[in-house]
Amino acid sequence: MSLTCLGCRLANGQESSEIVYEDELVTCLLDIDPFNEGHLLILPKKHYLDPDELDGLTGAAIMNVSSEMSTILKRVFSPDGITMIQNGGIFNDLRHYHMHVFPRYEGDGFAWIEPSETHNAKERLAETKLLIVKELTKKGQPE
Ligand SMILES: [Zn+2]
């Protein structure tokens, strides 16, 4: 845990927040700027930035809690759906890994905006597959 990291402080109870669940690996709390009521963040207690840095147990805990919280959000808010999303690298504004889990409603205004330039990736699916499979073979399978 880093005292200079807001995510570490939030995950370890060093900052005031609305925590709904925590265990030895992760903390789940309300986003202070919710997209919809019930917008949750799941943070590891140890400092990580990207999902590929997470140890296996912490990664599994994040997915398990995401799934459990989806069930709870469905029961409490009866949404039209649930969105789970995380942003890596420079797109991670907190600079500490966090998974967003929030209720969605038809017409709620939250949007998945596709990039205007797709670099013709749609025409190269078979080549793209080979690139990824080749790297998997070189590195071995993910844990
Ligand atoms: Zn941190």
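**Exercise 1. In this predicted model, work out which residues of helix α2 are exposed and which are buried, and how the buried ones are arranged about the axis.**

Solution. Begin with the exposed side, where G56, L57, A60, S67, T71 and R75 of α2 are found. Turn next to the buried residues of the helix, which are I62, V65, M69 and L73. Viewed down the axis of α2, these buried residues fall within an arc of 80°, so they line one face of the helix. Finally, look for their partners: the buried residues of α2 pack against β1, β2, β3, β4 and β5.

**Exercise 2. Check whether the end-to-end distance of α2 agrees or disagrees with its number of residues, and state what follows the helix.**

Solution. With 22 residues at 1.5 Å a residue, α2 should span 32 Å, and because its end C-alpha atoms are 31 Å apart, the two values agree. The helix is then followed by S78, whose phi is positive, near 45°.

**Exercise 3. Derive the strand order of the sheet, identify its edges, and place α2 relative to the strands.**

Solution. The 5 strands form an open sheet in the order β1-β2-β3-β5-β4, with antiparallel pairing. At its edges stand β1 (19–22) and β4 (81–85), each of which has a single partner strand, so one side of each lacks a neighbour in the sheet. On average, and ignoring direction, neighbouring strands are turned by 20° against each other. Helix α2 (residues 56–77) packs on this sheet, touching β1, β2, β3, β4 and β5 (99–104), and its direction makes about 20° with that of β5. As one pairing to inspect, β2 (residues 26–30) and β3 (residues 40–44) run antiparallel over 5 bridges, with C28 opposite I42 in β3.

Definitions and conventions: Residues are numbered from 1 along each chain as its sequence is written. This is a predicted model: local features need pLDDT of at least 70, side-chain atom pairs count only at pLDDT 80 or more; totals for chains, interfaces and linings use all residues. Two strands pair if DSSP finds at least two bridges between them. Helices (H or I, at least four residues) and strands (E, at least two) are DSSP runs, numbered from the N terminus. Axes are lines fitted to C-alpha atoms, for helices over the stretch in contact, and angles run from 0 to 180 degrees between N-to-C directions. Two residues are in contact if their C-beta atoms, placed from the backbone, lie within 7 Å. The expected span of a helix is 1.5 Å times one less than its number of residues. A residue is buried if 20 or more other C-beta atoms lie within 10 Å of its own, exposed if 12 or fewer, and partly exposed in between; C-beta atoms are placed from the backbone. The arc is that of the directions from the helix axis to the C-beta atoms.
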